[in-house]
Amino acid sequence: MNRIDFIDKINKYASRFVLEVEGFNSINQYHINIHAENFLIPVLNEVFDLDLENLNISQKKNFPSIDLADFNNRVAFQITATNDQKKIKDSLEKFFKFNLDKYFDLIYFYIITHKKEKYNQNQLNTVINPGFTFSITDHVIDKENILQKINAISSSSKLQTIAKLFELEFSDVQIELRKNKFEKGYLNTEPEDLSSNLLRINFPHVLYKAELNIDEQAIIDSTNDFLISIGKRPIKKMRKGKVVKKALKKYNSKVQDWLLHENWIYSFTNLSDNSETLSHIIDHGTVTSIECKDFYERSEENKKVFKHLLRNTLMELCRLKSIEWFGKKEIFRFASDRKKPQPKQVKWKGEKEATKTVIFKILNKTDDHLICFRHLAFRSSFINIEEDWYLVINPTWSFTNPGGYYQSRFEPSYMAGIKRLENNNSIYNYFRFFRYYLAYNDLFTSRYDNIKVTSIDNLTLTPSLVDSAWKPVKLPEKQIIEPQVDLTPDDELSDNTLFD
């Protein structure tokens, strides 16, 4: 399509916009006016080269008389269907009464119906602060003014973006959906199942704390002997957490399900049990058991400590399932074989047995040499709702260098490429995979009771939401330099029967 086609399309749908607003307002339905604010943000951003935000949503501070604002460029908009002189004058009075000219150099009134042919500039000047520029001709605008500005745009890509915005909002389908919503109150009456990205977690009802009993100097001396042997300078002190890890290493243990806080070590593991590795590094006379609920409800600080302990305990569960914690990015990702990094598949089972590739090779398109690895990963957090605790899973990817551990320098560009290929459904399927994988145990899985993951029931929403009614328009992408690698979508989880 050429620029004339784009402009014709914009004209067509802009006229529909005005007619729809006038139609709803004539029957005292004003929801469309609120909807118009959000629709106009990307349009005005393109036309005026701004970065507007909806103040009714983004700002707690009260900004009377304006709806949209770009604080960096100091430009504000009021969006209104009321086009009379009184409306503009009253709004300007509030604008200056609340000293909003400290934040903005320009205010526009966008009339979403039609502005009047004449306004009294002299009457408005009586409420405008000296030095502030406000012109009826330039700053009270409607559809015709916007179309004039759009017609002056030379960039075809910018016109294409604006045309897509108008087409999405004012196609026949969207207008009919809004008509049903605003006149009948519903998009439809069919219920819809909703799935969250929450997993219910269970843990012991008590946790334990104890003081450490470690010969810290002996560990420092041993470390210094090694450092000197390889020609490095000795150290004088060591972080307490590192001391604990080195003490555990003496017992060939890499357990991570503990936390240091105010010189105490905390864990869901029974620290009095001599068969537990942690029991070898603590003072048994100081072991104390605490009801979990009593602990995390005591204060916000205790709740933060408890969440940190949950995170560390999840690290241990994941370690047993070959998922590592990568602290630099604060993510859990499938771990490579450090000696021989290579692609990795995981066997799992829903109704059918299947495999999921969790580590991919990224090869150069021209000569097939290895650039990096792509690891399936997730970010986590924990929330407490009434009596229950939940693990929040946000799937993502991690790109590592050919060694399979350190972050690849190409990760930012490759991650952007993956995000362009994937949609909400693919992210949801990754979540479903992690839901299965973290909860599944069999005879070959190491038993671990300090944290257990279970799924939660779907929620039901009535009425259901039609995807096209809320999904944002997919705008033309800015030109970028594509990585010379194969970043095809990961569609191994597209067969939903695997999860039944």
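Which exposed residues does the face of H14 turned away from its buried side carry? In this predicted model, that face of helix H14 carries the exposed residues Pro 412 and Lys 419.

**Helix H14 and the strands beside it**

Helix H14 spans residues 411-421, and its buried residues are Glu 411, Tyr 414, Met 415, Gly 417 and Ile 418. Because these buried residues cover an arc of only 160° around the axis, they lie on the same side of H14. A general property of helices is useful for reading such a pattern: an α-helix has 3.6 residues a turn, so residues three or four places apart point the same way. The buried residues of H14 pack against three strands, namely E15, E16 and E17, the last of which covers residues 388-400.

Two of these strands are also paired with each other, since strand E15 (residues 353-363) and strand E16 (residues 370-385) run antiparallel and are joined by 5 bridges. Within this pair, Leu 363 stands opposite Leu 370 in E16. The hairpin that E15 and E16 form has 6 residues between the strands, and in this hairpin Asp 368 takes a positive phi near 60°.

**The nonpolar cores**

The largest nonpolar core holds 52 residues, of which Leu 207, Phe 306, Phe 334, Leu 391 and Phe 433 touch the most other members. Helix H13 gives the most to this core, with 8 residues. A second, separate core has 36 residues, including Phe 6, Ala 14, Val 43 and Ile 150.

Phe 306 offers a detailed view of such packing: when residues up to four places away in sequence are not counted, Phe 306 touches Phe 203, Leu 207, Phe 268, Cys 292, Phe 295, Tyr 296 and Trp 389.

**Salt bridges**

Side chains of opposite charge can pair when their charged atoms come close. The structure holds 14 salt bridges, and three of them are set out in the table together with the accessibility of each partner.

| Acidic residue, relative accessible area | Basic residue, relative accessible area | N to O distance |
|---|---|---|
| Asp 90, 28% | Lys 86, 57% | 2.7 Å |
| Glu 316, 4% | Arg 319, 33% | 2.7 Å |
| Asp 449, 36% | Lys 452, 39% | 3.3 Å |

The salt bridge between Asp 90 and Lys 86 lies within helix H4 (residues 85-97), where the two residues are 4 residues apart and therefore separated by about one helical turn. Asp 90 counts as partly exposed, whereas Lys 86 is exposed.

The salt bridge between Glu 316 and Arg 319 belongs to helix H13 (residues 300-320), and because these two residues are 3 residues apart, they too are separated by about one helical turn. Glu 316 is buried, with a relative accessible area of 4%, while Arg 319, at 33%, counts as partly exposed. Helix H13 is therefore the place of this charged pair, and H13 is also the element that gives the most residues to the largest nonpolar core.

How exposed are the partners in the remaining pair of the table, Asp 449 and Lys 452? Asp 449 is partly exposed, with a relative accessible area of 36%, and Lys 452 is likewise partly exposed, at 39%. Their side chains meet in a salt bridge with an N to O distance of 3.3 Å.

Salt bridges can also link more than two residues, as is the case for Glu 46, Asp 49 and Lys 158, which are linked in a network.

How values were computed
Residues are numbered from 1 along each chain as its sequence is written. This is a predicted model: local features need pLDDT of at least 70, side-chain atom pairs count only at pLDDT 80 or more; totals for chains, interfaces and linings use all residues. Side-chain values use heavy atoms; hydrogens and water are left out. Buried means under 20% relative accessible area, exposed over 50%, partly exposed in between (1.4 Å probe, protein chains only). Two strands pair if DSSP finds at least two bridges between them. A nonpolar core is a set of buried Ala, Val, Leu, Ile, Met, Phe, Trp, Tyr and Cys residues joined through side-chain atoms within 4.5 Å. Contact means heavy atoms within 4.5 Å. The arc is that of the directions from the helix axis to the C-beta atoms.
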